[in-house]
Each structure stands twice: as C-alpha cells, then as structure tokens.
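Work through these exercises with the sequence and the model side by side. Try each task before you read its solution.

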Amino acid sequence: FGFKKISGSAVGEVRLKGAPVPPGSAMASLLHIFRFMLGPPGVPLWIVISFDSILLILLISTILLLLPKKVWSKSKLVRSARNRLVGWLRRMVELSIQGPLVLGSVWLGRKLGRGRLSSVAKAPHAISAKADSMFDVTIKFSPTLGWNLFHQENYVVSFARDGTDIWAERSFNKDTDCEDLSGNLKKGDRFKVVIQELPASTRVKFRVGAVSYWGRGPWSKEVCVTTMATPSKDLGFTGLLGPAWEKTGSGKKEYTWLQTRNEVHLRIAIGKDLRGKDVRFKAQPHRLQVDLAVGTEVLALLHGTLAHRINSDDATWYIDESKDDGRFIQITIFKLEALERWTRVFEGDEHPEIDPRYVQFFVDPLNPGSLGDLNE
C-alpha cells in the first residue's frame with residue numbers, strides 16, 4: 001500500500017505538531033489542572049470564576065495555617081494575614097457553637113453522659129483577688145477549656161494565711177454559685193466568686209482548681225491579698241515608712257493617718273533632734289514624697305502613689321508636738337471630692353486598706369442626731 005517506515009525522531013516531530021501528549025508528562029499534568037479549573041463544558045463563566053476563587057482561598061488559608069512559625073514570623077504581612085485568618089476561624093467556631101442544633105446536641109450529650117464525656121480538668125488561669133471588706137474577698141478567674149463541648153466542671157477555692165500551709169477549701173457550682181462575667185458571646189470565659197468570713201486585716205493566699213467527673217485538676221497559681229482593717233476612731237489607720245524611719249529618732253516605723261470630710265492628715269513621729277531643714281517635701285496630684293537629708297545623703301521617708309487624686313497646691317506640712325504623741329511631722333492634703341471615703345492614702349501592700357462601710361462622716365458618737373463634722 002506504499003507505507004514507509006518512520007524513524008523515532010520523525011515520530012517526535014509528528015507529536016509536536018499536534019499529536020496527543022503522552023500521559024504522565026509535565027505538560028499533561030498542567031493541561032489536566034487547566035481543564036479542571038475550566039470545569040465541564042457548557043458551565044457558565046461566573047460559576048467557574050467563583051469555584052476557582054473559593055479553591056484559591058482554601059489553598060492560601062491552608063498554606064498560612066501550615067506554615068512553620070519561623071517562616072511566618074519573619075514577614076509582617078504574612079504574620080498579619082495569618083492572625084486575621086486565625087481570629088476569623090475562632091469567631092466562626094464561636095458563632096457556630098451558639099446555634100440551636102449544636103446547643104441541643106451538647107445538652108443531650110451531657111444529660112445522657114452524666115459527666116462521663118467530660119475531659120480531665122485543667123488549672124484555671126488569670127487569677128485575681130480583691131478585698132471587698134474586712135471579711136470578704138472577690139476572686140476572679142478564667143477556666144482553661146479545650147474543644148470538648150460536652151465538658152462539665154465546677155470549681156473549688158483554697159485559701160490559707162500567707163506564710164502557712166494550712167489550707168481551707170470552699171466549693172462552688174458553676175451554674176448557681178459563680179457569676180459569669182464574660183457576656184453572651186463568650187459565655188463561661190470569666191467567673192467571679194466571693195469568699196466570706198475571712199479574718200480582718202490578714203494577708204491571705206488563694207488558689208483555684210477545677211473539678212470534673214474525673215476528679216480535681218491541678219491548682220492555679222497562688223495570689224495574695226490583705227483583707228481590710230477596722231478604721232481607727234479618727235477614720236484612718238497606719239502604714240509603713242521608708243528606710244529613713246531609722247534616722248527619725250522616734251523608733252517608730254509606721255505613720256498614722258486620719259480623715260475628715262474634706263481633709264486627710266498624716267503624722268510621722270520624729271525625735272527631738274530632727275529639724276525642719278532636714279525634711280524634703282514634694283506633692284503631686286497623684287504622688288507624695290517625703291525625704292530626710294542625713295549628712296550628704298537624702299533618704300526616702302515616705303514615697304508612694306496616692307490612692308486618690310489631690311490638689312497638690314494646697315498640700316502643707318509642719319513640725320508639731322503634743323503631750324500624747326511627742327514631736328511629729330504633720331502633713332495635710334485636701335480631697336478633691338468632699339465626703340469621699342478614703343480606704344488608704346497610698347497604693348501598695350505596705351499601706352493597708354480600711355473598710356469604707358465603717359467610715360461615717362455624718363454621725364457624731366456623742367450626739368447621733370447631729371451632722372458630725374459638717375457642723376464645724
């Protein structure tokens with residue numbers, strides 16, 4: 001029939017001119033991907049573009065999530081994009097958890113499982129403690145939860161005097177005894193409990209543990225707070241002085257303070273040899289500073305951030321003497337808000353708080369029907 005034998009090179013030339021590309025080659029792979037992106041014949045172009053865009057977004061998102069930290073942390077753009085993606089995914093999960101289908105499934109699983117579907121409890125975090133009165137302390141904490149939606153836990157608060165290991169415990173049901181501070185979108189993210197009947201003016205340490213069906217988990221980090229003290233008869237208390245108290249000659253390392261409806265008075269006991277020229281006084285709206293000049297040194301006698309703002313221009317000091325108290329430095333500062341009940345003069349554990357419920361400016365103990373110092 002006139003057929004001729006064709007060499008291998010000639011065959012290659014024929015294939016390059018339009019013959020089918022052999023399977024398995026790189027060109028075949030690219031053509032396969034291109035055909036997949038174009039979709040089946042007859043599909044509208046807008047559907048193809050939408051599908052390809054979604055596919056591209058999924059691909060980029062997967063790459064961002066799987067990138068090692070040492071790679072994405074070097075680029076600010078990549079780091080920002082990854083953080084936005086993670087935040088968006090978390091938000092999407094949080095919103096999906098609020099759906100009725102998920103909530104119903106979780107409720108049913110918890111009822112049928114009776115706690116057996118819970119995970120092992122983990123230690124709560126972000127613990128804080130604040131004294132509310134002489135006997136009450138508010139504890140705030142955040143539970144450490146995983147992805148187990150069927151997990152259930154309650155809490156136990158353990159407390160002891162600072163410096164001792166004799167612990168007492170009180171249990172709290174999450175639903176009935178704990179106040180949820182987290183809001184509706186992140187329900188169960190932050191709780192508050194109140195520990196009552198504590199000793200007054202005592203430094204107490206606290207720790208919180210979570211309890212699930214499988215037992216109590218590890219304790220949280222310890223936090224310390226000092227319960228409030230009973231005010232003196234002059235509606236004040238005492239606080240610690242700085243290292244210069246040893247140079248005052250009085251042998252007293254504490255100052256005393258009292259308050260009226262408009263003023264706060266501080267007294268620092270001094271010896272007979274201390275003179276006014278040895279005292280350095282500086283008042284600012286948020287800070288008070290008293291120093292002693294001892295030879296060529298200037299030592300801190302009373303430094304601190306004020307618990308309340310004052311009018312620093314009106315702050316005064318002088319040296320006075322009385323039969324009962326001896327010689328002392330008298331400092332007078334004025335409240336910006338009259339009738340404000342101060343619980344302390346300075347911030348810090350060295351300056352104990354008093355219970356404001358026992359600070360009454362309108363009651364004279366000798367004449368309960370009077371208006372106290374408002375008559376002055």
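**Exercise 1.** In which helix does I60 lie?

Solution. I60 belongs to helix α3, residues 45-66. Helices are DSSP runs of H or I with at least four residues, strands are runs of E with at least two, and both are numbered from the N terminus. This is a predicted model, in which local features need pLDDT of at least 70, side-chain atom pairs count only at pLDDT 80 or more, and totals for chains, interfaces and linings use all residues. Residues are numbered from 1 along each chain as its sequence is written, and side-chain values use heavy atoms, leaving out hydrogens and water.

Next, look at the surface. I60 counts as partly exposed because its relative accessibility is 44%; buried means under 20%, exposed over 50%, and partly exposed in between (1.4 Å probe, protein chains only). Together, L56, L59, I60 and I63 make a nonpolar surface patch of about 370 Å².

**Exercise 2.** Is S158 buried or exposed? Find its surroundings.

Solution. Start with the element: S158 sits in strand β3, residues 154-161. Then check accessibility. S158 has a relative accessible area of 0%, so the residue is buried. Now list partners. Beyond four places in sequence, S158 has contacts (heavy atoms within 4.5 Å) that include W167, A168, K205, F206 and W219. Finally, follow the side chain of S158: the backbone oxygen of A168 is 3.3 Å away.

**Exercise 3.** What is the phi of R114, and what is the phi of A126?

Solution. Take R114 first. Its phi is near 55°, a positive value outside glycine. R114 lies in the loop between α6 (100-113) and β1 (125-131). With a relative accessible area of 65%, R114 is exposed.

Now take A126. Its phi is also near 55°, again positive in a residue other than glycine. A126 is part of strand β1. At 44% relative accessibility, A126 is partly exposed. For background, most residues other than glycine have a negative phi.

**Exercise 4.** Where does pLDDT stay under 50?

Solution. Begin with the whole chain. The mean pLDDT (the predictor's confidence in each residue, from 0 to 100) is 85, and 83% of residues reach 70 or more. Residues 1-18 stay under 50, with two contacts beyond four places in sequence in the model. Residues 368-376 are also below 50, and this stretch has 15 contacts beyond near neighbours in sequence. Where pLDDT is low, predicted coordinates should not be read in detail.

**Exercise 5.** How many helices and strands does the chain have?

Solution. Count six helices and 17 strands. Of the 376 residues, 31% count as buried.

Note on methods. Patch = residues over 30% accessible without salt bridge, like charges linked within 9 Å, V, L, I, M, F, W, Y side chains within 5 Å. Areas by Shrake-Rupley, 256 points an atom, 1.4 Å probe, with all protein chains shown as cover. Salt bridge = Lys/Arg side-chain N within 4 Å of Asp/Glu carboxyl O. Polar contact = N/O pair within 3.5 Å; in protein donor to acceptor, adjacent residues only side chain to side chain.
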